[in-house]
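Good morning, and thank you for joining. I would ask you to keep the structure open in front of you while I speak.

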Amino acid sequence: PVLVVDYGAQYAQLIARRVREAQVYSEVVPHDTSVADIARRDPAAIVLSGGPSSVYADGAPQVDPELFNAGIPVFGICYGFQAMTSALGGTVEHTGIREYGRTELDITGDGGTLHAELPGHHPVWMSHGDSVSKAPEGFAVTAGTKDTPVAAFESVERRLAGVQYHPEVVHSPHGQEVLRRFLHEIAGVRPQWTTASIVDDTVAAIREQIGDRRAICALSGGVDSAVAAALVHRAIGDQLTCVFVDHGLLRSGERAQVERDFVAATGVRLVTIDAVGRFLDALSGVTDPEEKRKIIGREFIRVFEQAARDLQAEAGAAGEQIDFLVQGTLYPDVVESGGGTGAANIKSHHNVGGLPDDLQFELVEPLRALFKDEVRRVGLELGLPETIVHRQPFPGPGLGIRIIGEVTAERLATLRAADSIAREELTAAGLDRDIWQCPVVLLADVRSVGVQGDGRTYGHPVVLRPVSSEDAMTADWTRLPYDVLERISTRITNEVSDVNRVTLDVTSKPPGTIEWE
Ligand code: XMP
């Protein structure tokens, strides 16, 4: 792999993704990983990420100069560029000049290998207080800015290079090309990480792990569990059984999407458990958001557990014990939980969070090395329909946390109708790819006066919550075109009885969360 050394900025994962976009497999490692441990992984190259510290600050993470004698190609970015400079005998200074944001980069001479054939002046994204004032001995300086004479250097012979700016962010329009040049032309790494190779390698690894034994997978209707199941099915066919729990908190058409579209695309064996009544009973009288979440999570586990035991009993009678549980854990979850292995890493918000230990399944996590965009590409490669692969995120507790107040069958029907109209209109306007998701929230305990036809109404409001986001950690409200909002509003108030008002949530995250509960 290419190892991205994380100096504590939020950029390491993004860099790892960009490396993969250059078709090279990458992983993130903490900055205190020793040179010996790094060398043991036999990396094709190393990228030192940006970080918040000054190289000269007390306790600032440093780069062991030994790293540069290990014969491994190294690319330094921002803080990594400065740490590299000081480790190799160049000079980093606190110049008192901060560069932050969009900055013009001036290419020096022919631009070297990193910047060859790029425009002589182009914008890059900067974020630093310290600057490199003198490159290490033997390095060619290939770019600078008004305030930073050394903004890039390279030694093609030693396969070492670095840049002061952030090539990984979209605000550096040529950044991906520079990263690609480092990887392919300076480090000499071959671009082999393609969607087809991911599928082949993962399928082989799953076959190796499961052999001729059996597995089950809980489908949520979301992208991750669908792609995980499709991969495992490709590997072991009917040794896999999928379980789909219908808790009645789904949006319109979602059960059909799983039962019909997913099965048609994969041929997977699917068991649907109809648990609608059970969930409604458990939620009866409950209005507290955390309590709702706990109840839904608990009931989900109980229903799934029972289904697993039933399947286990059937399989056991036929002498075919089920040993494996498939989980759609993604690489960001693995990095964020410390990169360890095993069940302890399953996040509590994961779709099948906290399965009881006494189920005694071994985990199969085919997406453990993948980022979300790779998961989607793998899904398409496996022939899953766009409706599943590009589905917007939907919370595990479903519509249960989009009804403010008690969840009842009637309120669910109202919300489902309003949500379905909003989704239809957003899709018709071609906006699906521009918004991250658009929850529709029913304020079930609020009533307001309206007038429809000649009569007074006293109905409930719904809230539209369209958001734009990269990762759901932060979000901005999406400026939807007024004509689209108008169509959604008119249709909801005309077609959904009980709703006489449509409102728009214009809060970013923070301070608001995306969901209302
Ligand atoms: P918030 O509301 O915390 O949501 O800003 C961030 C993202 O997570 C989704 N979400 C969940 N997903 N189980 C999930 O699988 C959950 O319990 C859950 N709660 C929120 C939410 O839709 C948004 O994309």
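I shall take the two sheets in turn, then several individual residues, and finally the surroundings of the ligand.

Please bear in mind throughout that this is a predicted model.

Let me begin with the nine-stranded sheet. Its order is 2-1-3-4-9-8-7-5-6, the sheet is open, and its pairing is mixed. Strand 2, residues 26-30, and strand 6, residues 121-134, are the edge strands, and each of them pairs on one side only. From one strand to the next, the twist averages 20°.

Within this sheet I would draw your attention to strands 3 and 4. Strand 3 covers residues 45-48 and strand 4 covers residues 74-77; three bridges pair them in the parallel sense. Opposite Leu48 stands Gly76 of strand 4.

Two helices deserve mention here. Helix 3, residues 79-87, runs at about 120° to strand 4 and lies across strand 3, strand 4, strand 5, strand 6 and strand 9. Helix 4, residues 175-186, also packs on the sheet, where it touches strand 1, strand 3, strand 4, strand 8 and strand 9. The direction of helix 4 makes about 180° with that of strand 9.

Two loop residues belong to this part of the discussion. As a reminder, most residues other than glycine have a negative phi. Cys78, in the loop between strand 4 and helix 3, has a positive phi near 55°. Is Cys78 buried or exposed? There are 26 other C-beta atoms within 10 Å of Cys78, so the residue is buried. Arg159 is found in the loop between strand 8 and strand 9, and its phi is likewise positive, at about 60°. Arg159 has 18 C-beta neighbours inside 10 Å and therefore counts as partly exposed.

I turn now to the second sheet. Five strands form this open sheet, in the order 12-11-10-13-14, with parallel pairing. Why is one side of strand 12 and of strand 14 left without a neighbour in the sheet? Strand 12, residues 269-274, and strand 14, residues 362-364, stand at the edges, and each has a single partner strand, so one side of each remains without a neighbour there. On average, and ignoring direction, neighbouring strands of this sheet are turned by 30° against each other.

Strand 10 will serve as our point of reference. Strand 10, residues 214-219, pairs with strand 11, residues 240-246, in the parallel sense over five bridges. One example is Ala215, whose bridge partner in strand 11 is Leu240. Strand 10 also runs parallel to strand 13, and four bridges join the two. There, Arg214 stands opposite Ile322 of strand 13.

Next, the helices that accompany this sheet. Helix 6, residues 223-236, packs on the sheet and touches strand 10, strand 11, strand 13 and strand 14. Its direction makes about 160° with that of strand 10. Together, strand 10, helix 6 and strand 11 make a right-handed β-α-β unit. Helix 9, residues 289-317, lies across strand 10, strand 11, strand 12 and strand 13, and runs at about 145° to strand 11.

How many of the six residues of strand 10 are buried? Five of them are, and the strand is mostly covered. Ile216 lies in this strand and counts as buried because 27 C-beta neighbours fall inside 10 Å. Leaving aside residues up to four places away in sequence, Ile216 touches Thr241, Val243, Ala308, Leu311, Ile322 and Leu325. Ile216 and Gly162 are 54 residues apart in sequence, and their C-alpha atoms are 47 Å apart in space.

As a contrast in burial, consider Asp281, which is found in helix 8, residues 276-283. Asp281 has 9 other C-beta atoms within 10 Å and is therefore exposed.

I come to the peptide bonds. In general, most peptide bonds are trans. The bond from Lys509 to Pro510 is cis, with omega near -15°, and the bond from Pro510 to Pro511 is also cis, with omega near 10°. Both Pro510 and Pro511 lie in the segment after strand 20.

Finally, the ligand. Which of the twelve residues around the ligand come nearest? They are Pro395, Gly396, Thr513, Ile514 and Glu515. By class, the shell comprises five nonpolar, five polar and two charged residues.

Thank you; I would be glad to take questions.

Definitions and conventions
Residues numbered from 1 in each chain as written. Predicted model: local features only at pLDDT ≥ 70, side-chain atom pairs only at ≥ 80, totals over all residues. Near = placed C-beta within 6 Å. Nonpolar A, V, L, I, M, F, W, Y, C, P; charged D, E, K, R; others polar. Pairing = 2+ DSSP bridges. Axes fitted to C-alpha atoms, helices over the stretch in contact; angles between N-to-C directions. Contact = placed C-beta atoms within 7 Å. Buried ≥ 20, exposed ≤ 12 C-beta atoms within 10 Å, placed from the backbone. Right-handed = clockwise from strand over helix to strand, strands pointing away.
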